[in-house]
Amino acid sequence: MKNPARPRRSRGGKDPLDLRSIFRKRTEALVQRLSEQASEDALAAALAAPSDFGGLARLLSETAALGVALDTVDPLAEAVARGVESKQALLRDAGGGWSAARAAAHLGITRQAVDKRRRAGKLLALQSGTGDHLYPVCQFTEHGVLGGIDRVLAAFPPSGGWTRLDVLLTPAEEIGGISPLEALRHGDVDAAILAASMFGEQG
């Protein structure tokens, strides 16, 4: 009789359950240090965040803004926190993000078909921290996908999903001060393509 399957060990030889326990302890210690350093205003701002993850990011950001030395925690902590807040703001401006399953249900196709469209560059997808993808809601309409979004995505020079979303939502002088997303919603696909294709040329 075969032995019951045991949890796979990591390359470092530690049991995954041990790694999770060690990570939790280290994270708890980090939060304790931050809460001791932060002002009441910074703590209040963190508690006002819509999620636990966002609260931690906001606490790091607010702590830095109030002059607390984050290099005692991690030299890159402030930059990481601001990056997280920026992504959260982008996702809010995009109307949120759908999972592949939610996008599939909206489009009336399978999740595999959604993944296929993503790989083909016909849907904008954002890499999440868990390795899954989020699909910004702004690219969808009531009955499907915003017309021309695939052509706009194809016009971008090589860039990540978060960067593309930022460009889509940002007013562009070359198309009259509206965002490429607004241009698409007005039916002006060519203008949106122009803004996408010119991304990165200013530098």
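**Figure 1. Contacts across the whole predicted chain.** Among contacts between residues at least 6 apart in sequence, 51% join residues at least 24 apart. Please keep in mind as you browse these views that the model is predicted. The secondary structure comes to 10 helices and three strands, and reading along the sequence gives the pattern α-α-α-α-β-α-α-β-β-α-α-α-α. Of the 203 residues in the chain, 34% are buried. The chain exposes about 12,900 Å², and carbon and sulfur atoms supply 53% of that area.

**Figure 2. Helix α5 crossing helix α6.** This view pairs α5, residues 100–107, with α6, residues 111–119. Their axes come within 8 Å and cross at roughly 100°. Angles from 65 to 115 degrees count as roughly perpendicular, so α5 and α6 are described as roughly perpendicular to each other. On the α5 side, look for A100, A101, A103, A104 and L107, which meet R111, V114, D115 and R117 of α6. The residues of this contact divide into six nonpolar, no polar and three charged.

**Figure 3. The largest nonpolar core.** Here you can find a core of 26 residues, in which V152, F156, L165, L168, I175 and L184 touch the most other members. Two or more residues each are given to this core by α4 (77–93), α7 (149–155), α8 (161–169), α9 (180–185) and α10 (189–197). Helix α10 supplies the largest share, six residues. A second, separate core has 11 residues, including A100, A104, L107 and F140.

**Figure 4. L168 and its contacts.** L168 is one of the residues that touch the most other members of the largest nonpolar core. Leaving aside neighbours within four places in sequence, L168 is in contact with L124, I149, V152, F156, S179, P180 and L181. Two of these partners, V152 and F156, are also listed among the core residues that touch the most other members.

**Figure 5. S179, a loop residue.** S179 sits in the loop between α8 and α9. Is S179 buried or exposed? Its relative accessibility is 4%, so S179 counts as buried, the cut-off for buried being under 20%. Not counting residues up to four places away in sequence, S179 touches L168, L169, T170, P171 and A172.

**Figure 6. G187, in the loop between α9 and α10.** For a loop residue with another degree of cover, turn to G187, which is found between α9 and α10. G187 has a relative accessibility of 55% and therefore counts as exposed, since exposed means over 50%. Where does the chain bring G148 in relation to G187? The C-alpha atoms of G187 and G148 are separated by 8.3 Å, while the two residues are 39 residues apart along the chain.

**Figure 7. A196 in helix α10.** A196 belongs to helix α10, the helix that gives the largest share of the largest nonpolar core. With a relative accessible area of 0%, A196 is buried. Which residues does A196 touch, not counting those up to four places away in sequence? They are V152, A155, F156 and P157. The C-alpha atoms of A196 and V152 are separated by 6.4 Å, although these residues lie 44 residues apart along the chain. V152 also appears in the view of L168, as one of the contacts of that residue.

Terms used: Residues are numbered from 1 along each chain as its sequence is written. This is a predicted model: local features need pLDDT of at least 70, side-chain atom pairs count only at pLDDT 80 or more; totals for chains, interfaces and linings use all residues. Side-chain values use heavy atoms; hydrogens and water are left out. Helices (H or I, at least four residues) and strands (E, at least two) are DSSP runs, numbered from the N terminus. Buried means under 20% relative accessible area, exposed over 50%, partly exposed in between (1.4 Å probe, protein chains only). Contact means heavy atoms within 4.5 Å. Accessible areas come from the Shrake-Rupley method with a 1.4 Å probe; for residues, only the protein chains shown count as cover. Axes are lines fitted to C-alpha atoms, for helices over the stretch in contact, and angles run from 0 to 180 degrees between N-to-C directions. Angles under 35 degrees count as roughly parallel, over 145 as roughly antiparallel, 65 to 115 as roughly perpendicular and the rest as oblique. Ala, Val, Leu, Ile, Met, Phe, Trp, Tyr, Cys and Pro count as nonpolar, Asp, Glu, Lys and Arg as charged, and the others, Gly among them, as polar. A nonpolar core is a set of buried Ala, Val, Leu, Ile, Met, Phe, Trp, Tyr and Cys residues joined through side-chain atoms within 4.5 Å.
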